Amino acid sequence: MAKLSLRGVVKRFGENTVCDGIDLEVEEGQMVCLIGASGAGKSTVLRCVNLLEPIEDGEIFLDGVDISVPGLNPQPVRRRIGMVFQSYNLFPHMTAMENVMLAPRRVYGKSREELRPEIAELFTRFGLADRMEHYPDQLSGGQQQRVAIVRALAMKPEVMLFDEITSALDPQLVGEVLDVLRLLKESGMTMVLATHEMGFAREAADKVCFLKDGRILEEGSPETLFGAPKHPETKEFLARSLK
């Protein structure tokens, strides 16, 4: 049984169908990269999985349980499925440590003293040990994005979703964030990424899905999809993207 499964997922905004029958299987410990032009539906797929957007049709299963049924309380699901966005969304008046502690304190009722050792370990793991007491405006964009990832991991999710998390970064800062994703992959985290980083998808993903007009036109291993794409539109997109 797949860890995460989307079956025939449809999402519309008015007359605009943004997800048009998405089928996707994500196995435990897999890294799946969603690629495609802006507007292809990648970010909306992630938002539907995290229940930020209700779907019009289809089903979304987490460990075999349908989490997309109308009226379901999304909060328990979001504790299990973490999400990081391209904008860091850190509170400017709180230190990095305070930003990370906020959700676990509220949700699990733990004190700062209880949380501090395990969160400090996360900061250390991702090269931020000396930045815990810094405010967001004292951090680079790459450091802020790593803090946002640590914040999501502090909730101990089973699945992580990443929505174009390097697109707002200066090119020289992209690598340090991708290194965090490599570490998470090594640890066995199940991940789904919407990304424009073709080199990273080719190197690190277990499966790559090419989206166009709200549909997955082609999916496969990086070797297959990048090396011998079958669909003409996949070939055209990769020819443009890999220049």
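Two strands count as paired if DSSP finds at least two bridges between them. Keep that in mind while looking at this predicted model.

**The sheet**

Let's start with strands β4 and β5. Strand β4 covers residues 57-62, and two bridges join β4 to β5, with the two running antiparallel. If you want a spot to look at, find L62: across from it, in β5, sits V65.

Now zoom out. These strands belong to an open sheet of four strands, ordered β2-β1-β4-β5 and paired in antiparallel fashion. Which strands stand at the edges? They are β2 (16-26) and β5 (65-66); each has a single partner strand, so one side of each has no neighbour in the sheet.

There's a helix to add to the picture too. Helix α1, residues 42-49, packs on the sheet and touches β1 (4-13), β2 and β4. The direction of α1 makes about 115° with that of β1.

**The cysteines**

How many disulfides are there? The count is zero. A disulfide would take two cysteine sulfur atoms within 2.5 Å, so have a look at how far C33 and C48 are from their nearest cysteine sulfurs:

| Cysteine | Nearest cysteine sulfur | Distance |
|---|---|---|
| C33 | C209 | 9.0 Å |
| C48 | C19 | 4.8 Å |

C33 is in no disulfide, and neither is C48.

Are these two cysteines buried or exposed? Buried means under 20% relative accessible area. C33 has a relative accessible area of 0%, so C33 is buried. C48 comes in at 1% relative accessibility, so C48 counts as buried too.

Methods: Residues numbered from 1 in each chain as written. Predicted model: local features only at pLDDT ≥ 70, side-chain atom pairs only at ≥ 80, totals over all residues. Heavy atoms only, no water. Buried < 20%, exposed > 50% of the residue type's maximum accessible area, 1.4 Å probe, protein only. Contact = heavy atoms within 4.5 Å. Axes fitted to C-alpha atoms, helices over the stretch in contact; angles between N-to-C directions.
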